[in-house]
Amino acid sequence: MNIIARLAISIGVAGVLTGMSLAPAQAAAPVVVKSCNIIAPKLASKKAGGTQIDYIIYGKKPAAQITFAVGYRNAAQHFLRTVTDYGTFSPGVQINHHFSLYNDVTYAGSQVSSCFPIKVKWQDSTLWVAPSSH
């Protein structure tokens with residue numbers, strides 16, 4: 001099997017395992033998540049240490065707020081929560097932020113089941129909303 005076929009299979013399997021979709025609406029999002037994971041607990045704790053999301057804004061204007069939907073599953077439940085990042089975020093620059101999201105649940109590994117932008121409020125007050133989230 002050549003490298004391209006292996007890569008295509010790997011991407012397909014990774015998409016199924018993580019629950020993420022490469023649907024056209026997702027591809028059109030002005031924010032691309034580069035990395036998203038749950039932080040390991042602090043020493044002597046069983047609670048997750050929060051959520052790390054690293055992302056890049058594409059386009060030509062800065063953002064003021066970005067809301068992400070993040071799915072996580074532990075032994076007791078499957079969660080889907082949102083978190084909003086506030087600030088001035090320039091396009092083309094990778095943003096690495098730690099959130100307290102999921103620091104109240106029992107840690108079950110760093111892998112999230114989904115992590116994607118659902119809303120962006122630009123500095124000029126216009127909005128982008130993911131098609132499936134209205």
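Begin the tour by selecting Tyr 102, which is placed in the loop between strand S5 and strand S6 (114-122). The model on screen is a predicted one, and the backbone of Tyr 102 deserves a look because most residues other than glycine have a negative phi. Here the phi of Tyr 102 is near 75°, a positive value in a residue other than glycine. With the surface switched on, Tyr 102 shows 0% relative accessibility and therefore counts as buried, the cut-off being under 20%.

Next, follow the chain to Ser 125, in the loop between S6 and strand S7 (127-129). Ser 125 is not a glycine either, and its phi is likewise positive, with a value near 75°.

Now go back to strand S5, residues 94-99, and bring up the sheet to which S5 belongs. Three strands make up this open sheet, in the order S1-S2-S5, with antiparallel pairing. S1 and S5 stand at its edges with a single partner strand each, so that one side of each has no neighbour in the sheet. Between neighbouring strands of this sheet the turn is 15° on average, when direction is ignored.

Select strand S2, residues 51-57, and colour it by accessibility. Of its 7 residues, 7 are buried, so S2 is largely enclosed by the rest of the structure. Which residues of S2 point one way, and which the other? Thr 51, Ile 53, Tyr 55 and Ile 57 point one way, while Gln 52, Asp 54 and Ile 56 point the other way, and all of them are buried. This fits the general pattern, since in a regular strand the side chains alternate between the two faces of the sheet.

With S2 still selected, add its two partners in turn. Strand S1, residues 31-38, pairs with S2 in the antiparallel sense over 7 bridges, and one position to label is Val 31, which stands opposite Ile 57 in S2. The pairing of S2 with S5 is also antiparallel and runs over 6 bridges. Two residues of S2 can serve as markers along this pairing: the bridge partner of Gln 52 in S5 is His 98, and that of Tyr 55 is Ile 95.

From S1, move on to Cys 36 and display the sulfur atoms. Which residue forms a disulfide with Cys 36? The partner is Cys 115, and the two sulfur atoms are 2.3 Å apart. Since Cys 36 lies in strand S1 and Cys 115 in strand S6, the pair ties together parts that are 79 residues apart in sequence. The structure holds 1 disulfide, and because the torsion about the S-S bond is about 85°, this disulfide is right-handed. Cys 36 counts as buried because its relative accessibility is 14%, and Cys 115, at 5%, counts as buried too.

Cys 115 leads on to the sheet that contains S6. Here 4 strands form an open sheet in the order S4-S3-S6-S7, and the pairing is antiparallel. Strand S4 (78-89) and S7 are at the edges, each with a single partner strand, so one side of each is left without a neighbour in the sheet. From one strand to the next, the twist averages 20°.

For the last stop, select strand S3, residues 63-73, together with S4. These strands pair in the antiparallel sense over 10 bridges, and Gly 71 can be labelled here, standing opposite Leu 80 in S4.

Terms used: Residues numbered from 1 in each chain as written. Predicted model: local features only at pLDDT ≥ 70, side-chain atom pairs only at ≥ 80, totals over all residues. Heavy atoms only, no water. Buried < 20%, exposed > 50% of the residue type's maximum accessible area, 1.4 Å probe, protein only. Pairing = 2+ DSSP bridges. Axes fitted to C-alpha atoms, helices over the stretch in contact; angles between N-to-C directions. Disulfide = S-S within 2.5 Å.
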